[in-house]
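Me: Please give me a close look at one part of this model. Pick a strand pair, then follow it to whatever lies beside it. Keep it brisk.

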Amino acid sequence: MIECRLLVVGAGAAGIASAVSAWKNGCHSILLVDRSMQPGGILPQCLHEGFGLAKYGKELTGPEYASQLTESLRETGVIFFPGTEVLSISHEKYAVISRRGLLDKISFEKLILAAGCREKTIGSLPVAGTRPAGIFTAGQAQECINLHHQNLGKEILILGSGDLGMIMARRFTLEGKHVIAILEQDLSYGGMARNFHRCIEPYRIPIWYRTTITEIHGTGRITGVTVKNLDTGETKQIPCDTLITAVGLIPERELIRTLDSPDWLYLVGNCRHIHELVDSAVAEAEQIAREAVAL
Ligand SMILES: Cc1cc2nc3c(=O)[nH]c(=O)nc-3n(C[C@H](O)[C@H](O)[C@H](O)COP(=O)(O)OP(=O)(O)OC[C@H]3O[C@@H](n4cnc5c(N)ncnc54)[C@H](O)[C@@H]3O)c2cc1C
C-alpha cells in the first residue's frame with residue numbers, strides 16, 4: 001500500500017493547479033496520478049491560442065499553457081505517477097490503481113478528484129438510422145488530427161455550435177476539408193463570441209440555425225444525414241462522409257458514484273462543473289485545494 005496525505009486524481013489543468021496550491025499551503029505529502037503518460041489533460045491537443053489571458057496576461061496555446069503549469073509542478077515536491085489509472089475509491093480512504101500492468105492501493109487522508117469531463121456521443125441523441133464509421137465526437141476528432149495527424153474525411157458536417165464545434169470547424173477548414181455546415185438547434189451559436197469571430201466569420205463557415213439531424217445514412221461508412229428544420233418541420237438529405245458531434249460535456253464523476261459526500265473528498269475543474277476557460281478552472285482549483293489542506 002502506497003501512502004500519502006493528499007491524493008489528486010487527474011493531472012489536467014485543475015489537478016496540477018490543486019496539487020501545486022496544496023503544496024504551497026503546507027501539505028508536503030502529495031501524490032498526483034493520471035492515466036496518461038503526459039500531464040496536461042485536454043490541453044496538449046488544443047493547438048489553438050486562447051488560453052491564459054487572466055493567469056499569464058497573454059494568450060497561449062494549450063500545450064504552452066500545459067508546460068507553464070508543469071513547470072510550476074516541478075518547483076514543488078509533488079510526486080507524479082503517469083500512466084496510472086484510478087479504478088475505484090473506497091469509503092475507507094484508499095484508491096485501487098492500475099500502474100505498469102499491476103494493481104496497487106494508495107491510502108490517503110484527503111482526495112481531490114480532477115478527472116475532467118466526457119463528451120456526449122451520438123448514442124445519447126434521438127437520431128435514427130445506422131451507426132457507421134465516420135462519426136466522431138469533436139474531442140476525438142481534435143485528438144486524431146492534432147496529436148496523431150490522421151485524415152478523418154473530406155465532406156464534414158458538425159452538429160453543435162458550442163466552442164468545440166466552432167474550433168473544430170476551423171481546424172477542418174485549415175486542413176483543407178470542406179465543412180458543409182454547423183447545425184445548431186437554437187437561434188444563435190452556443191459558444192463564446194470570440195470563437196465565432198475567430199473560427200467561423202473569417203472562413204465563412206455556414207451555421208444552419210434551428211436545424212438538427214434526425215437520421216444517419218450509410219452502412220460501412222456514413223454517406224449522409226437527414227437534416228430537419230425545427231420551425232417548419234421540413235427535412236432534406238445532405239451527403240457527407242464525416243459527422244462531428246459537439247453536443248455537450250458531462251462532468252466525469254463515475255469514480256465517486258457510490259460515495260455519500262464524505263468530508264475528505266473535493267471536486268475541482270471540469271469534473272466539478274464545466275469551465276469554458278482554463279483560467280477559471282485553475283483559479284477555482286487553487287482555492288479549493290487551499291481550503292482542503294487547511295481543514
Ligand atoms: C476543445 C477545447 C477547447 C478549449 N479551448 C479553450 C480556450 O481557448 N481557452 C480556455 O481558457 N479554455 C479552453 N478550454 C477549456 C479548458 O481547456 C478546460 O476547462 C480545462 O483544461 C479542464 O481541465 P481539467 O483539469 O478539469 O480536465 P482535463 O484536462 O480533462 O483533465 C482531466 C485528467 O484526468 C485524467 N483522469 C480522468 N479519470 C482518471 C482516472 N480514473 N485515473 C487517472 N486519471 C484520470 C485524464 O486522463 C485527464 O488527464 C477548452 C476545452 C476544450 C475541450
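Reply: Start at the hairpin of E7 and E8, where Lys-93 takes a positive phi near 65 degrees. That hairpin has 4 residues between its strands. This is a predicted model: local features need pLDDT of at least 70, side-chain atom pairs count only at pLDDT 80 or more, and totals for chains, interfaces and linings use all residues. Residues are numbered from 1 along each chain as its sequence is written, and side-chain values use heavy atoms, without hydrogens or water.

E7 covers residues 84-89, and E8 covers residues 94-99. (Strands are DSSP runs of E, at least two residues; helices are runs of H or I, at least four; both are numbered from the N terminus.) The two strands run antiparallel, joined by 5 bridges. (Two strands pair if DSSP finds at least two bridges between them.) Two partners show the register. Thr-84 is bridged to Arg-99 in E8. Glu-85 has Ser-98 as its bridge partner there.

Now widen the view. E7 and E8 belong to an open sheet of 4 strands, ordered E1-E9-E8-E7, with mixed pairing. Strand E1 (2-3) and E7 are the edge strands, each pairing on one side only. In a regular strand the side chains alternate between the two faces of the sheet.

E7 also takes part in the ligand site. What does E7 give to the shell around the ligand? It gives 3 residues, the most of any element. Helix H1 (13-24), strand E4 (49-51) and helix H5 (163-174) each supply at least two. The shell has 31 residues, and those coming nearest are Asp-34, Ile-42, Gly-50, Asn-270 and Val-278. (A residue is near if one of its heavy atoms lies within 4 Å.) By class, 14 are nonpolar, 12 polar and 5 charged. (Ala, Val, Leu, Ile, Met, Phe, Trp, Tyr, Cys and Pro count as nonpolar; Asp, Glu, Lys and Arg as charged; the others, Gly among them, as polar.)

Why does the ligand lie between the domains? Domain 1 (2-118 + 250-294) and domain 2 (121-247) both give residues to its shell, so it lies between them. (The bounds come from an automatic or database domain assignment.)

Backbone atoms come close too. A polar backbone atom of Val-86 sits 3.0 Å from a ligand nitrogen. For Ala-14, a polar backbone atom is 3.0 Å from a ligand oxygen. For Ala-13, a backbone N or O atom lies 3.2 Å from a ligand oxygen. Alone, the ligand exposes 1,000 Å², and the protein buries 93% of that. (Areas come from the Shrake-Rupley method with a 1.4 Å probe.)

Note on methods. A polar contact is a pair of N or O atoms within 3.5 Å; within protein, one must be able to donate a hydrogen and the other to accept it, and residues adjacent in sequence count only if both atoms are side-chain atoms.
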